[in-house]
Amino acid sequence: MFILSSPSGAGKTTISRMLLDAEDEIKLSVSVTTRAPREGEVEGIHYHFVTDAQFDAMVEEDDFYEWAHVFGHRYGTPKGRIRNALKEGQDFLFDIDWQGTQQLFQKDQQDVVRVFILPPSIEELRRRLESRATDADEVIDARMERARAEISHWDAYDYVVINDDVDACFDKVREILDAERMKRQRQTGLIPFVRELMS
Ligand code: 5GP
């Protein structure tokens, strides 16, 4: 369970997309959300968009690995198809916030890798948020406040990568994934292989 978190504007979505394009062996865990789709977002690809009542029903049915309130909406990781795939050793990328990260870590410490992406400076973060949308200053200010609140959770992650260059940041994230895959306890089939070597 490879988790990428960051304040919005730090480049997490770009890095996630690059990772999914470059790595055939990792799949995205598609979250469920009560927020409305943004332009260009596709049901089942970016999110599963549901009503509040549908979300309530899923909570009731214990259908989530984790869920949280984020910016006035609810978001959750559905157990759905990923539960069996995880058991079979499929890697998944999770684009979730610090609250979801904490919940997944509490459930499955051995299988979780937590990566936090930071912007190179607060000025650059503001610049990225400003260039992204034609929002009013108050909206940008509110986003900056939220970004600061998110950044405060940086120390609950295993890895922190500063995104001052998107290609360099992507390379680092990929190195983390590669190294974590090589951890002894994650390499299935190693015991019979080594036995064979020693026999
Ligand atoms: P957005 O609405 O911009 O797509 O996402 C807002 C925030 O919600 C992002 O920080 C994103 O990582 C987080 N998020 C998306 N899906 C989930 C989820 O399933 N669980 C949790 N805890 N956070 C999520």
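**Close-up 1. Strand 7 and its parallel partners, strand 1 and strand 2.** In this predicted model, strand 1 (residues 2-5) runs parallel to strand 7 (residues 91-95), and three bridges join them; strands here are DSSP runs of E with at least two residues, helices are runs of H or I with at least four residues, both are numbered from the N terminus, and two strands pair if DSSP finds at least two bridges between them. Leu4 has Asp95 as its bridge partner in strand 7. Strand 2 (residues 26-28) is likewise joined to strand 7 by three bridges and runs parallel to it, with Phe92 of strand 7 as the bridge partner of Lys27. Residues are numbered from 1 along each chain as its sequence is written, and side-chain values use heavy atoms, with hydrogens and water left out. Because this is a predicted model, local features need pLDDT of at least 70 and side-chain atom pairs count only at pLDDT 80 or more, whereas totals for chains, interfaces and linings use all residues.

**Close-up 2. Polar contacts of the ligand.** The side chain of Lys12 places an N or O atom 2.9 Å from an oxygen atom of the ligand, a polar contact being a pair of N or O atoms within 3.5 Å. Another oxygen contact involves Tyr47, which has a polar side-chain atom 2.5 Å from an oxygen atom of the ligand, while a polar side-chain atom of Glu66 lies 2.7 Å from a nitrogen atom of the ligand. The ligand taken alone exposes 510 Å², of which the protein buries 91%, with areas from the Shrake-Rupley method and a 1.4 Å probe.

**Close-up 3. The shell around the ligand.** Of the 15 residues around the ligand, those that come nearest are Ser31, Arg35, Tyr47, Glu66 and Tyr75, where a residue is near a molecule if one of its heavy atoms lies within 4 Å of it. The shell residues divide into five nonpolar, four polar and six charged, with Asp, Glu, Lys and Arg counted as charged and Gly among the polar ones.

**Close-up 4. The open sheet and the pairing of strand 5 with strand 6.** Four strands form an open sheet in the order 4-3-6-5, with mixed pairing. Its edge strands, each pairing on one side only, are strand 4 (48-49) and strand 5. Strand 5 and strand 6 run antiparallel and are joined by six bridges, and within strand 6 the bridge partner of Val70 is His73.

**Close-up 5. Two loop residues with positive phi.** Most residues other than glycine have a negative phi. Asp62, which is not a glycine, nevertheless has a positive phi of about 60°, and Asp62 lies in the loop between helix 2 (52-60) and strand 5. Phe71 also has a positive phi, near 50°, and belongs to the loop between strand 5 and strand 6.

How values were computed. A polar contact is a pair of N or O atoms within 3.5 Å; within protein, one must be able to donate a hydrogen and the other to accept it, and residues adjacent in sequence count only if both atoms are side-chain atoms.
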